[in-house]
Amino acid sequence: MKRLVLLRRISQYFFFILFIYTLWSTTYPLKGLLPPELWFKINPLVVFITSISERIMLKGIFFSMIMVVLTLILGRFFCGWICPLGTSMDIVSTFRKNRLSKDTVNKKIRFPKFILLGLILLFAALGVQTAWILDPLVIMARFISLNLIPALTLLWDKIFILLIRSFSFNTGIYDFYRTLKSSVLGVNVYYFSHSAVILSFFLIVLGTSLVLSRFWCRSICPLGAVYAFLANFSLLRRAVKGCSGCKKGCSG
């Protein structure tokens, strides 16, 4: 069991870093190895809802079907092993003092996400795309693109300039700084008026994990609702941490 937990942690951090790398390395004018749209092609919520609302068959639907098939075999592996937003919430949960683990609470809070999924499907049938608002990959991508990359780029740029000017580092550090400016620090950063709204929303999502571990995943996430529904028919079941005394794998 400990080995499985360790493997899960390694998988979480690997895909978390890979997600950040994909977005950062493809920020203009950089060209990364992985196209960022690949993450959204494996997202059945975004692909299927967009296909319904736009009345077209998106090319990425094949990749989404692979995720559906894998979920029917492995259960909700994406939520626990891959999702970068879920990993972020797990990190925040480590700072939570009171660990709420009552099965009755866990069961009651699961239903809102299915209601939200139903509303998203209804709007899609009417030609309105709303899946992008609450999708975990979209939330994470917006935060990284509009908040994390600009903030870290500005921070490191200021640090290097301060070091060079204050200590007259005109050789090694300056050359290193120039190398970074032609690569990871050389991205074109744009500041949008709604960046503060994106950051606030992201912090609220993470903050819910201080109340209950992965509260957003269990109660609100529409992609989680898709995987939870499919997991009811899976060959393997995933047990959610915090459900005490549960004999069955919990599909969330």
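**Exercise 1. Find which backbone oxygen the side chain of S25 reaches at 2.7 Å, and describe the surroundings of S25.**

Solution, step by step:

- Start with the side chain of S25 in this predicted model. It reaches the backbone oxygen of Y21, and the distance is 2.7 Å.
- Look next at T22. Its backbone oxygen lies 3.4 Å from a polar atom of the S25 side chain.
- Now place the residue in its element: S25 lies in helix α1, which covers residues 2–25.
- Then ask about neighbours further along the chain. Leaving out residues up to four places away in sequence, S25 touches L30, K31 and G32.
- Finally, is S25 buried or exposed? Buried means under 20% relative accessible area. S25 has 10% relative accessibility, so S25 counts as buried.

**Exercise 2. Work out which residues pair with D90 in salt bridges, and where the partners sit in the chain.**

Solution, step by step:

- Begin with the whole structure, where a search finds 4 salt bridges.
- One of them joins the side chains of D90 and R8, with 3.5 Å from N to O. D90 belongs to helix α6 and R8 to helix α1, so this pair links distant parts of the chain, 82 residues apart.
- Move on to R9. This residue also forms a salt bridge with D90, and here the closest N and O atoms are 3.7 Å apart. Again the pair links distant parts of the chain: R9 is in helix α1, D90 is in helix α6, and 81 residues separate them.
- Check how accessible the partners are. D90 and R8 are both buried. For D90 the relative accessibility is 11%, which is why it counts as buried.
- R9 has 27% relative accessibility and therefore counts as partly exposed.

**Exercise 3. Describe the salt bridge between K181 and D157, then say which residues are joined into one network by salt bridges that share partners.**

Solution, step by step:

- The side chains of K181 and D157 meet with 3.5 Å from N to O.
- Locate both ends: K181 is in helix α11 (residues 172–181), while D157 is in helix α10 (residues 136–167). The two residues are 24 apart, and the pair links distant parts of the chain.
- Compare each end with the cut-offs. K181 counts as partly exposed because its relative accessibility is 37%. D157 has a relative accessible area of 14%, so D157 is buried.
- Now turn to the network. Salt bridges that share partners join R8, R9, D90 and R214 into one network.

**Exercise 4. Find how many cavities of 30 Å³ or more the structure holds, and describe the lining of the largest cavity.**

Solution, step by step:

- Think of the method first: rolling a probe the size of a water molecule over the atoms shows where empty space is left.
- The structure holds 2 cavities of 30 Å³ or more. The largest cavity has a volume of about 60 Å³.
- Pick out the lining in the model: F78, C79, C83, L85, M89, P136, C217, C221, L223 and G224.
- Match these residues to elements. α5 (77–81), α6 (84–93) and α14 (222–231) are the ones that give two or more residues to this lining.
- Sort the lining by class: there are 9 nonpolar residues, 1 polar residue and no charged residues.

**Exercise 5. Decide which element gives the most residues to the lining of the second largest pocket.**

Solution, step by step:

- The second largest pocket has about 190 Å³ of space.
- Its lining residues are L23, T26, T27, P36, E37, F40, A141, R142, S145, L146 and I149.
- At least two residues each come from α2 (37–41) and α10. The most come from α10, which gives 5 residues.
- By class, this lining has 6 nonpolar, 3 polar and 2 charged residues.

**Exercise 6. Step back and summarise the whole chain: how many helices and strands does the secondary structure come to?**

Solution, step by step:

- The secondary structure comes to 14 helices and 0 strands.
- Next, take burial: 44% of the 252 residues of the chain count as buried.
- Last, consider contacts between residues at least 6 apart in sequence. Of these, 74% join residues at least 24 apart.

Methods: Residues numbered from 1 in each chain as written. Predicted model: local features only at pLDDT ≥ 70, side-chain atom pairs only at ≥ 80, totals over all residues. Heavy atoms only, no water. 1 Å grid on protein atoms, 1.4 Å probe; cavity = no way out; pocket = protein on both sides within 12 Å on 5 of 7 lines; lining within 4 Å. Points joined across faces, edges and corners; volume = space filled by probe spheres on them. Helix = DSSP H or I, 4+ residues; strand = E, 2+ residues; numbered from the N terminus. Nonpolar A, V, L, I, M, F, W, Y, C, P; charged D, E, K, R; others polar. Buried < 20%, exposed > 50% of the residue type's maximum accessible area, 1.4 Å probe, protein only. Polar contact = N/O pair within 3.5 Å; in protein donor to acceptor, adjacent residues only side chain to side chain. Contact = heavy atoms within 4.5 Å.
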